[in-house]
Amino acid sequence: MEKMIVAMQDPDMGMKLRNQRLLITVIPHAMTGHDIIIWLIHKYSVCEEEALHLGGMLVKYGYIYPLKEPRSLVLQPDESPYRFQTPYFWTSTRWPASELDYAIYLAKKNIRKQGELMEYEKERYSLLHKKINHTWDFVVMQAREQLRASKQRRKADRIVLECQEQAYWLINRPPGGPNSLQRGPGLVRGKLAINCCDLPSFLKYSEQYQNHDPIMQGCLPSNPWISDDTAHWTMNTEMVPVPTRLRVERWSFSFMELLNDAMGRQEFMLYLEKEFSAENLYFWQACEEIRHGESSKIVEKVEEVYKNFLAPGAARWVNIDSKTMDKTLEGIKQPHRFVLDDAQMHIYFLMKKDSYPRYLKSDLYKNMLAKAIVPQETKKSVFPFMRRQRHSSPSPAQAVAQATEEEGRHKGAG
Amino acid sequence: MRSPLSPEMATQEVPLNETLAHLKTESETLKLKLEEERAKLHDVELHQVAEKVEGLGQFVMKTRRTLKGHGNKVLCMDWCKDKRRIVSSSQDGKVIVWDAFTTNKEHAVTMPCTWVMACAYAPSGCAVACGGLDNKCSVYPLSLDKNENLAAKKKSVAMHTNYLSACSFTNSDMQILTSSGDGTCALWDVESGQLLQSFHGHAADVLCLDLAPSETGNTFVSGGCDKKANVWDMRSGQCIQSFETHESDINSVRYYPSGDAFASGSDDATCRLYDLRADREVAIYSKESIIFGVSSVDFSLSGRLLFGGYNDYTINVWDVLKGTRVSILFGHENRVSTLRVSPDGTAFCTGSWDHTLRIWA
């Protein structure tokens with residue numbers, strides 16, 4: 001399906017997108033249902049019935065969503081406007097839609113317009129409220145914050161984003177019960193339960209990571225344990241001039257993957273600097289250091305964080321909602337290891353929802369992906385009895401010892 | 001646990017026992033009710049959902065390195081973040097740091113006690129932690145000076161009232177999480193040795209633990225002799241979820257790479273997968289021909305494979321999704337006591353009572 005969607009969006013041979021009117025707002029890059037059918041008929045030389053069916057599938061799986069009646073996931077062969085769903089929300093790339101995310105989405109809807117939640121959504125909302133009650137403050141805060149951020153956007157953009165999100169959740173939390181996009185008739189449909197057994201997420205995860213699993217698929221150029229060649233490790237050290245393709249691809253799997261990779265984090269920081277929101281990542285890193293650092297340094301580190309990020313007029317002031325800010329400022333009067341947790345989570349989710357998806361669409365990321373290397377596979381040696389010499393590597397302890405030694409020398413000299 | 005009864009309490013003993021018995025039956029009925037409710041919500045198993053998934057072909061995995069040097073049973077091992085170094089501990093009190101790729105020993109420490117049941121590599125690669133029958137967890141900074149006695153710089157961090165069964169550094173070198181035969185887990189500040197949080201809830205020895213790879217990074221799971229696997233909140237010390245479907249001691253717990261589930265290995269010869277969102281067991285990995293206990297489990301990088309080290313000297317490789325056994329590996333000459341997949345998933349290492357460690361790929 002995705003190949004088809006990409007073809008549809010081709011600037012030359014693809015669909016003609018134009019601005020559609022939705023009530024009084026103009027939505028950019030939309031198309032009519034009629035246009036979709038015609039394009040499919042021409043491109044694949046099928047009859048109208050088949051094109052209607054095919055288009056219907058695209059809508060059902062969430063690759064195209066309707067602007068007028070978002071709940072009705074069907075393709076109308078008339079002037080009804082449709083849009084392409086952003087790849088960030090494709091069912092294939094976005095695995096486990098978490099309970100937390102869903103709760104935030106429902107909370108947003110509820111706040112935006114009281115009574116806008118459908119019956120099944122109301123049920124789920126109260127079930128979620130019971131289930132993740134301990135983080136409910138956070139959910140409401142996040143929802144308010146996201147609504148505030150979206151109000152600052154142009155109306156057309158806002159409508160588009162709302163439609164995208166709504167379409168995504170209609171697919172992932174359909175009214176009838178757990179993911180109704182199941183393949184295979186053998187699946188037993190359980191009752192509507194908020195303890196949503198998202199078992200398909202295991203399948204998706206394993207599939208997504210299969211190429212990255214050396215034991216399953218091997219690794220390039222070769223597995224060092226089998227070939228005695230450490231090239232694979234050399235190419236994947238923490239900081240390399242050019243990373244491998246698999247590594248850069250992995251950054252798009254989840255925000256956590258990007259942050260866990262030192263190079264990924266560095267690239268993301270570059271992107272944020274361009275967007276003038278690097279303070280968020282700096283803040284998050286500072287909070288991490290407090291959470292996992294020595295107990296003795298907590299007080300001074302929290303002071304530093306206050307000076308640099310939270311104080312009015314701070315050099316790297318972070319934009320947190322007033323409730324969290326008040327709570328945090330109150331808390332740091334008695335600093336402890338977890339005092340910045342709320343603020344940190346807030347900024348984390350802000351980056352995850354806003355900057356991260358935009359980074360993945362940016363030229364910075366796309367260029368990195370394009371120039372990433374795909375190593376050549378080295379075939380096993382012809383003479384099996386000739387074993388390569390196994391070279392030792394510098395111990396991590398040595399690297400640090402040298403660094404501290406140098407530090408000492410500098411201090412002595414200065 | 002028996003407390004000495006004074007003569008006055010003897011007269012009160014009968015009603016006390018009755019109340020206890022009554023409470024016990026009540027708790028059993030409640031447990032059954034809970035299981036029934038859980039079952040009602042959803043009785044789909046993972047392998048049913050995975051029916052259409054392509055099966056895995058033949059798996060050829062061999063021993064690529066054998067590390068010889070311990071003088072007695074190897075009890076525990078851990079990988080260094082550099083993907084090739086490991087630390088291992090054994091019954092004779094020795095803790096050895098190896099470059100598994102070249103099989104060279106790089107450091108060796110002799111602990112003042114025997115049965116060093118737990119060891120862990122620090123994230124920075126500059127220290128190791130270990131402990132066992134001494135009821136403590138100590139941290140040794142790794143010095144490169146060949147003449148320096150590592151034991152001299154030893155730092156005692158954790159103190160339990162019974163043996164140390166497992167230990168793990170959290171995201172940094174500054175905190176250690178421990179589990180003990182005294183039935184508790186604890187979080188410690190390495191620098192000061194201060195107890196940051198303790199976790200009470202197991203009714204017997206805690207044998208294993210694993211930290212969650214989640215975004216918010218605040219939970220871990222532990223398994224014990226009470227057949228329970230508990231999920232804990234590190235901040236509050238609360239037990240937030242509990243699973244009790246094994247029929248014997250849980251020797252090993254390991255999170256699924258996404259953090260949404262964890263696997264456990266037990267003396268009841270099965271491995272099981274528990275889904276944290278669904279709050280129940282979703283898969284059992286067992287075979288009639290496997291009758292010996294599982295000592296240690298770990299996932300391959302993608303989570304598709306689950307490796308289990310067994311007390312019958314073998315390693316069984318399971319297809320996590322389909323629930324079938326993909327492969328059985330022979331090589332060790334005694335129990336497999338510990339098993340970990342390397343940080344980049346290129347291999348896994350096993351330690352055994354046959355005094356050796358093996359790297360498989």
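The following questions and answers examine how terms are assigned in this predicted model of chains A and B.

Q: What makes the meeting of chain A and chain B a contact, and how many residues does it take from each chain?
A: The criterion is heavy atoms within 4.5 Å. The contact takes 66 residues from chain A and 74 residues from chain B.

Q: What is the area buried between chain A and chain B, and what share do carbon and sulfur atoms give?
A: The buried area is about 5900 Å², with 62% given by carbon and sulfur atoms. On the side of chain A, the residues that lose the most area to chain B are A:F202, A:I215 and A:W225, together 15% of what that side buries. The size of an interface is often given as the accessible area lost when the parts come together.

Q: Why is the pair B:R65 and A:D228 called a salt bridge?
A: The rule requires a side-chain nitrogen of Lys or Arg within 4 Å of a carboxyl oxygen of Asp or Glu. The side chains of B:R65 and A:D228 meet at 3.1 Å, N to O, so the pair satisfies the rule. Across the interface of chain A and chain B, the rule finds four salt bridges. Side chains of opposite charge can pair when their charged atoms come close.

Q: How many residue pairs are in polar contact across the interface of chain A and chain B, and which helices of chain A supply at least two residues of the side that touches chain B?
A: There are 21 residue pairs in polar contact, both residues being at pLDDT 80 or more. The helices of chain A that each supply at least two residues include helix 8 (200-209), helix 15 (278-292), helix 18 (341-361) and helix 20 (396-413). Helix 8 of chain A gives the largest share, seven residues. The residues on this side of chain A divide into 32 nonpolar, 20 polar and 14 charged.

Q: Why is the aromatic pair of A:F255 and A:Y348 called tilted?
A: Ring centres must lie within 6.5 Å, and a tilted pair is neither under 30 degrees nor over 60 between its planes. For A:F255 and A:Y348 the values are 5.1 Å centre to centre and 45 degrees, so the pair counts as tilted. The pair links distant parts of the chain, with A:F255 in helix 13 (residues 255-260) of chain A and A:Y348 in helix 18 of chain A, 93 residues apart.

Q: What makes the aromatic pair of A:Y348 and A:F349 edge-to-face?
A: An angle over 60 degrees is needed. The planes of A:Y348 and A:F349 are 80 degrees apart, with 5.6 Å centre to centre, so the pair is edge-to-face. A:F255, A:Y348 and A:F349 belong to one aromatic cluster, which also includes A:W284 and A:Y365.

Q: How do you know whether A:Y348 and A:F349 are buried or exposed?
A: Buried means under 20% relative accessible area. A:Y348 has 4% and A:F349 has 2%, so both residues count as buried.

Q: Why do A:E294 and A:K297 form a salt bridge, and which of the two is buried?
A: The closest N and O atoms of A:E294 and A:K297 are 3.2 Å apart, which is within the 4 Å of the rule. A:E294 is buried because its relative accessible area is 13%, under the 20% limit. A:K297 stands at 32% and therefore counts as partly exposed.

Q: What makes B:R340 and B:D298 a salt bridge, and which parts of chain B does the pair tie together?
A: The N to O value for B:R340 and B:D298 is 3.9 Å, so the pair is within the 4 Å limit. B:R340 lies in strand 26 (residues 336-341) of chain B and B:D298 in strand 22 (residues 294-299) of chain B, so the pair ties together parts that are 42 residues apart in sequence. B:R340 is partly exposed at 24%, whereas B:D298 is buried at 8%. Both residues are in a network of salt bridges that also links B:D78, B:D210 and B:R254.

Q: Why are B:R304 and B:D319 called buried?
A: The relative accessible area is 4% for B:R304 and 1% for B:D319. Both values are under 20%, so both residues count as buried. B:R304 and B:D319 also form a salt bridge, with the closest N and O atoms 2.8 Å apart.

Conventions: Residues are numbered from 1 along each chain as its sequence is written. Chains are lettered from A and ligands numbered from 1 in the order in which they are written. This is a predicted model: local features need pLDDT of at least 70, side-chain atom pairs count only at pLDDT 80 or more; totals for chains, interfaces and linings use all residues. Side-chain values use heavy atoms; hydrogens and water are left out. Buried area is the accessible area (1.4 Å probe) that two parts lose on being put together, summed over both. A polar contact is a pair of N or O atoms within 3.5 Å; within protein, one must be able to donate a hydrogen and the other to accept it, and residues adjacent in sequence count only if both atoms are side-chain atoms. Helices (H or I, at least four residues) and strands (E, at least two) are DSSP runs, numbered from the N terminus. Ala, Val, Leu, Ile, Met, Phe, Trp, Tyr, Cys and Pro count as nonpolar, Asp, Glu, Lys and Arg as charged, and the others, Gly among them, as polar. Rings of Phe, Tyr and Trp (its six-membered ring) pair if their centres lie within 6.5 Å; planes under 30 degrees apart count as stacked, over 60 as edge-to-face and the rest as tilted. Buried means under 20% relative accessible area, exposed over 50%, partly exposed in between (1.4 Å probe, protein chains only).
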